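Here is a short set of exercises to work through with the structure open beside you. Try each task first, then follow the solution step by step.

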Amino acid sequence: MPSKNTGRSAVDVFLKSWQVYQDIITHNYMFHSEISGATREALLGFNPSQKLNVLDLGCGDGSMTLTLLPPERIETYIGCDLSKPALDIAQRQIDALSISAKLLCDDMLKVAEKQPAQSIDLVLSSYAIHHLNANNKQRLLEQVSRTLKPEGQFVLIDIFLDPTEDRTAYMHHYITVLQKSWSKLSPEAQDLVVNHATEYDYPEQTTFYQMLCEKLGLGSGQRLAKHTWHEAWVFNRAA
Ligand SMILES: C[S@@+](CC[C@H](N)C(=O)[O-])C[C@H]1O[C@@H](n2cnc3c(N)ncnc32)[C@H](O)[C@@H]1O
């Protein structure tokens with residue numbers, strides 16, 4: 001969860017919220033298991049004989065995205081996140097996998113803007129882009145399209161509004177489900193998630209991405225998985 005502060009107390013806050021996120025993953029409340037399974041399977045067929053340059057936007061500790069591809073398929077991995085403590089954990093995972101990687105503690109939009117045109121085979125982002133406002137989401141997608149090689153792929157894993165929802169309705173529905181079914185989290189941890197979501201979560205409807213991606217030469221996308229508000233999509237850069 002976002003924090004660019006590197007002081008001790010910021011690290012403590014990070015570790016507390018990160019432990020809650022690990023508990024969410026362990027209990028599969030955001031469907032990481034099904035979503036990563038479907039994405040991994042889809043990526044099996046993406047340029048199978050080629051090593052890939054991968055850009056991971058909002059990579060966190062890398063524990064989601066680094067499982068989507070076998071390490072031997074990665075030529076270079078560029079991961080970026082605002083949280084230095086998260087990147088420190090990602091670095092340890094990368095060292096264990098022995099892949100060539102660069103981790104950048106910076107805003108994903110700035111990082112994407114700095115990538116050379118048509119340099120990336122696969123842009124990934126998991127549960128991170130909903131933190132941007134609509135204008136910055138659009139700017140980011142423009143950069144995704146610019147940085148992808150022809151026939152490159154953009155895999156977007158995130159939360160999305162249902163077609164009838166605005167953000168207020170979504171927040172009400174999501175928090176109701178959370179308070180009813182995320183029972184393995186303590187009340188304190190549930191409050192932390194609710195406060196985080198209320199402050200930082202700005203999901204869009206899937207049509208927002210489909211229309212923009214279509215306009216930017218990334219096609220209208222294919223849904224790989226959907227579990228309540230949690231979905232995985234793949235978009236293909238035109239040849
Ligand atoms: C819910 S975590 C997901 C982490 C990881 N991708 C995963 O799926 O496990 C969201 C991450 O997005 C990062 N983040 C939020 N806004 C960001 C931004 N503007 N630029 C880079 N990272 C950002 C947060 O620091 C956090 O690590």
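**Exercise 1. Find the residues at the centre of the largest nonpolar core, and the element that gives the most to it.**

Solution. This is a predicted model, so every step below reads from predicted coordinates.
- Step 1: The largest nonpolar core holds 48 residues, and the ones touching the most other members are Leu57, Val123, Phe154 and Val155.
- Step 2: Strand E5 gives the most to this core, with five residues.
- Step 3: Set apart from this core is another one, of five residues, including Phe160, Leu161, Tyr174 and Trp229.
- Step 4: Now take Phe154 and leave aside its neighbours within four places in sequence; its contacts are then Val123, Val144, Leu148, Leu218 and Phe235.

**Exercise 2. Work out which strands pair with E4, and in what sense they run.**

Solution. Take one partner at a time.
- Step 1: Strand E1 (residues 52–57) runs parallel to E4, and three bridges join the two. Within E4, the residue opposite Asp56 is Leu124.
- Step 2: E4 is also joined to strand E5 (residues 148–161), again in parallel, by six bridges. Two pairs to look up here are Ser126 with Ile157 and Val123 with Phe154.
- Step 3: Trace the connection between E4 and E5: the chain passes through helix H5 (residues 134–147), making a right-handed β-α-β crossover.

**Exercise 3. Follow E5 to its other partners, E8 and E6.**

Solution. Stay on E5 and look at each pairing in turn.
- Step 1: With strand E8 (residues 230–236), E5 pairs in the antiparallel sense, over seven bridges. Ile157 faces Ala232 of E8.
- Step 2: With strand E6 (residues 204–205), the pairing is parallel and consists of two bridges. Here Phe160 stands opposite Glu204.

**Exercise 4. Are strands E4 and E5 largely enclosed or largely open?**

Solution. Count the buried residues, where buried means that 20 or more other C-beta atoms lie within 10 Å of the residue's own.
- Step 1: In E4 (residues 120–126), seven of the seven residues are buried, so the rest of the structure largely encloses this strand.
- Step 2: In E5, 10 of the 14 residues are buried, so E5 too is largely enclosed by the rest of the structure.
- Step 3: For the wider setting, 36% of the 239 residues in the chain are buried.

**Exercise 5. Decide how the radius of gyration fits a compact globule.**

Solution. Start from the chain length.
- Step 1: For 239 residues, a compact globule would have a radius of gyration near 18 Å; the value for this chain is 17 Å, which agrees.
- Step 2: Along the principal axes, the C-alpha atoms fill a box of roughly 50 × 40 × 30 Å.
- Step 3: This space holds eight helices and eight strands.
- Step 4: Among contacts with a separation of 6 or more, 71% join residues 24 or more positions apart.

**Exercise 6. Where should you read the model with care?**

Solution. Check the confidence values.
- Step 1: The chain has a mean pLDDT of 94, and 95% of its residues reach 70 or more.
- Step 2: Residues 1–6 have pLDDT below 50, yet in the model this stretch has 15 contacts beyond near neighbours in sequence.
- Step 3: Predicted coordinates should not be read in detail where pLDDT is low.

Note on methods:
Residues are numbered from 1 along each chain as its sequence is written. This is a predicted model: local features need pLDDT of at least 70, side-chain atom pairs count only at pLDDT 80 or more; totals for chains, interfaces and linings use all residues. Helices (H or I, at least four residues) and strands (E, at least two) are DSSP runs, numbered from the N terminus. The radius of gyration is taken over C-alpha atoms; the globule rule is 2.2 Å times the number of residues to the power 0.38. A residue is buried if 20 or more other C-beta atoms lie within 10 Å of its own, exposed if 12 or fewer, and partly exposed in between; C-beta atoms are placed from the backbone. Two residues are in contact if their C-beta atoms, placed from the backbone, lie within 7 Å. Two strands pair if DSSP finds at least two bridges between them. A crossover is right-handed if, with the strands pointing away from the viewer, the path from the first strand over the helix to the second runs clockwise. A nonpolar core is a set of buried Ala, Val, Leu, Ile, Met, Phe, Trp, Tyr and Cys residues joined through C-beta atoms within 7 Å. pLDDT is the predictor's confidence in each residue, from 0 to 100.
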